[in-house]
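Student: Please choose one part of this model and look at it closely. Then link that view to other side chains worth inspecting.

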Amino acid sequence: MSIGNPRISGGVALSALLALGTTFVTTLGVSARADEVNRATLYGDMTSVSQDMLNHAGQDANNFLMTHGDYTQKRYFPNRQINTMNVRHLHPAWIFQTEVKETQETAPIVVDGVMYVTTAFDHVYALDARTGAELWHYKQPLGAITVYCCGPNNRGVAVYDNMVYLATLDSKLVALDAKTGKVAWQSDIADPELGYSETMAPTAVDGKILIGTNGGEYGIRGFVKAFDAKTGKLIWTFSTIADNSTGVWATKDATGQDLHRDIAAEKAALAKLGDPAKKLGGGVWQNPSVDLANRRIYFVVGNPSPDLDGAPRPGDNLYTDSLVSVDLDTGKYVCHFQYVPHDVWDLDSVSATVLVDAKGENGASVPAVLHAGKTGFVYVNDRKDCHLIRFSEAMVPQDHMYALPTASPGTRMLPGANGGVEWSPMAVDPTLNLAYAINLHQPMHYSVKSAAYPGGDKLWLGGAFTVIAEEEQWGNVTAVDYNSGKIRWQVKTPQPMIGGILATAGGLVFTGESNGFFKAYDSQTGAELWRFQAGAGVNAPPSGYSVEGREYIVVGAGGNAQVDAKRGNNIIAFTLD
Amino acid sequence: MPTWILVVFAALAVIPSARADGIAEKATLCASCHGENGVPVDPKIPVIWGQNAGYLYVELRDFKRGARASEMMAPMVADMPRDEMMALAEYFSKKPWPNLGRKPADAATAERAQAVANSAQCSQCHLAGFLGASLVPRVSDQGFDYLLATLEAFRSGARANNVWMTDLMKAYSDEDMKALATYLAGL
């Protein structure tokens, strides 16, 4: 009897029934177990992800339980088997090819030898993390109308208890049985025909599934929502756009640079138009970090709608382009800090927040939260009241920053609208007090043209940003000391970078490039120690895990729509012999 | 198996196809311009066979609303309900993309077109191979005359149902557009 094939064992069970009658139950039992073995966990009953496991995910050298490693989102994998001394021997353990050859941004999740990855257009795969063998495949049945900016991306799943959670392009939250991939429940997050969509991975914590929304390019009103992990019922909603969105009429950004606002004209527009809150945008592209001790979450809010035209949206446009903290249990506002008030450049806040202990103004260590902006700064904020402690040296050239957009062909300005740092998550090595960010240098023209809200299924940008074809583009990997704001090391890359980065206790950082290279650097010095050519853009955040005592590094290589990196459909796991 | 079961099955099989036949009947009118075999009768008329359903639906809706002006299309959809527009869109999206006998662009034209596509970040929406998805149309292997006319109509604002494209196209010259249309038509 073949244990691995239930169909064959079922056939044997039928013959056994005909021959002996009484052996039927026993044989069917074997058949059912065979079915389970084929589909389920590779390690007995260790399928279930407990809250305790999630709380300690940052110290788990076997699993990778969250999009960004743990609730602090450091993307620091605490295994040193693969390290600076041996990384040159790293080689592919396996390559899994998905069904979808399009933009790939998934962060692989690994639970006791089972890996969960997603693809563009909302497919989920469960794989044997040792071999890459497919355990199950789920495909979200998307309707004819899905509205999303910047590619049909998906950044991965959340795991909790015995479920896998997916947020979809048609703005649904889907709970799948972790063993089988079957749908347990599905809830509507928002109306996709009004411009709401999901590309981010959910976050699971204490029986809640947290999710933001995309749509800042379509005149939505953004939010973060919490759903019940068991039932899919909505628990709370925090609107990322304040009812009074005008703020303090700030004339400078977080770093003291002039924003060239015409406050009088804006106030006149406010008197005429009223508060623009209803269609003000404010998407959330990345997972919130969770401060378990204080029961708070920290996330950043994206650009106002329309992106480039400030005329219909007078005021600071709170809480766009801001760090925001809310209460984990109630969703109530705790504090915020706005980096770019009244943004007309799409220089918004999209990369995931990271919780660290950093030096405060007086030199003592304080609970802090980091964010890497499209502006090219790493911001260090105090977790207590969200205020800014310091900002880093600029990681990319800032040229005529905050020059106002003009009529087509527009004004040249750096950074371009993709950053600086795009949605790509940072990594942090807390033993070195370094944060690692990947950047784009992509000179652009910014043009503005007022247009009425076109309805939720049309881009509403209020102008255009175009890459200046004649100018060189490049990227970099930058290590920033978050206690001083100084750049410790920087490595230039031939193309602008989008994807993500992973730090490990082996003294390494791993990150990929649009030209297909996946590289390991010495996290202390930036020395390149290893590279691999993946054949397609490596524009996804890597993860680390171990099975049966062997450490692996895994990354998606499928290219990227936003920077048009060569497409592929590979999930590649690397290990040492 | 008793005969009556076969009869029930046969009847059930007819129900969905009756609706499909209704749409197919309506689609015959479309074929008079967009082509019986998917090849448009005039090079300025777009290919709709194999086009993305979301895009086809929104265009029909915009013709009806007047957001996209067309003397030819407006009367076709004037009384068409949403369900029917969606059914037509689905119907055509499932047809195979026709063979227009495409000619790949020469190297210099392709290079210029790729520079424009990179600058305009076309791939962010039109995706790999310019195949689009959902509301974003496939533009690869579309007819040259239609592509060029559409790019020009976006730039001049004559086609007004996607202001973003108007703002974007203003950054490019006639030669850029010609190169882009030639390149896309040859993909």
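Tutor: Start with the buried face of α9(B). In this predicted model, B:Asp176, B:Met177, B:Ala179, B:Leu180, B:Ala181, B:Tyr183, B:Leu184 and B:Ala185 are buried (under 20% relative accessible area; over 50% is exposed, in between partly exposed; 1.4 Å probe, protein chains only). Both ends of that list are worth finding on screen: B:Asp176 and B:Ala185 are buried residues of α9(B). The cover over the buried residues of α9(B) includes three helices of chain B: α5 (107-120), α7 (144-156) and α8 (163-169) (contact: heavy atoms within 4.5 Å). Helix α9 itself spans residues 174-185 of chain B and has 12 residues (DSSP runs: helices H or I, at least four residues; strands E, at least two; numbered from the N terminus). From first C-alpha to last, α9 of chain B reaches 16 Å, close to the 16 Å expected at 1.5 Å a residue (1.5 Å times one less than the residue number).

Stay in chain B for a charge. B:Lys95 lies over the face of B:Trp49, and the ring centre is 5.0 Å away (NZ of Lys or CZ of Arg within 6 Å of the centre and 35 degrees of the normal). Chain A has such a case too: the charged end of A:Arg531 sits over the ring of A:Phe517, at 4.6 Å from its centre.

Now turn to ring against ring. Over all chains, the whole structure holds 28 aromatic pairs (Phe, Tyr or six-membered Trp ring centres within 6.5 Å; planes under 30 degrees stacked, over 60 edge-to-face, the rest tilted). One of them joins A:Phe337 and A:Tyr339 edge-to-face, 5.6 Å centre to centre with 70° between the planes. A:Phe337 is buried at 18% relative accessible area. A:Tyr339 is buried too, at 2%. A:Phe532 and A:Phe574 also pair: their planes stand at 75° and their centres are 4.9 Å apart, so this pair is edge-to-face. A:Phe532 belongs to strand β33 (residues 528-533) and A:Phe574 to strand β36 (residues 570-575), both of chain A, so the pair ties together parts 42 residues apart in sequence. A:Phe574 is buried, with 0% relative accessible area. Back at A:Phe337 and A:Tyr339, one aromatic cluster takes in both, along with A:Phe377, A:Tyr379 and A:Phe391.

Residues count from 1 along each chain as written, with chains lettered from A and ligands numbered from 1 in written order. Local features need pLDDT of at least 70, side-chain atom pairs 80 or more, while totals for chains, interfaces and linings use all residues; side-chain values use heavy atoms, without hydrogens and water.
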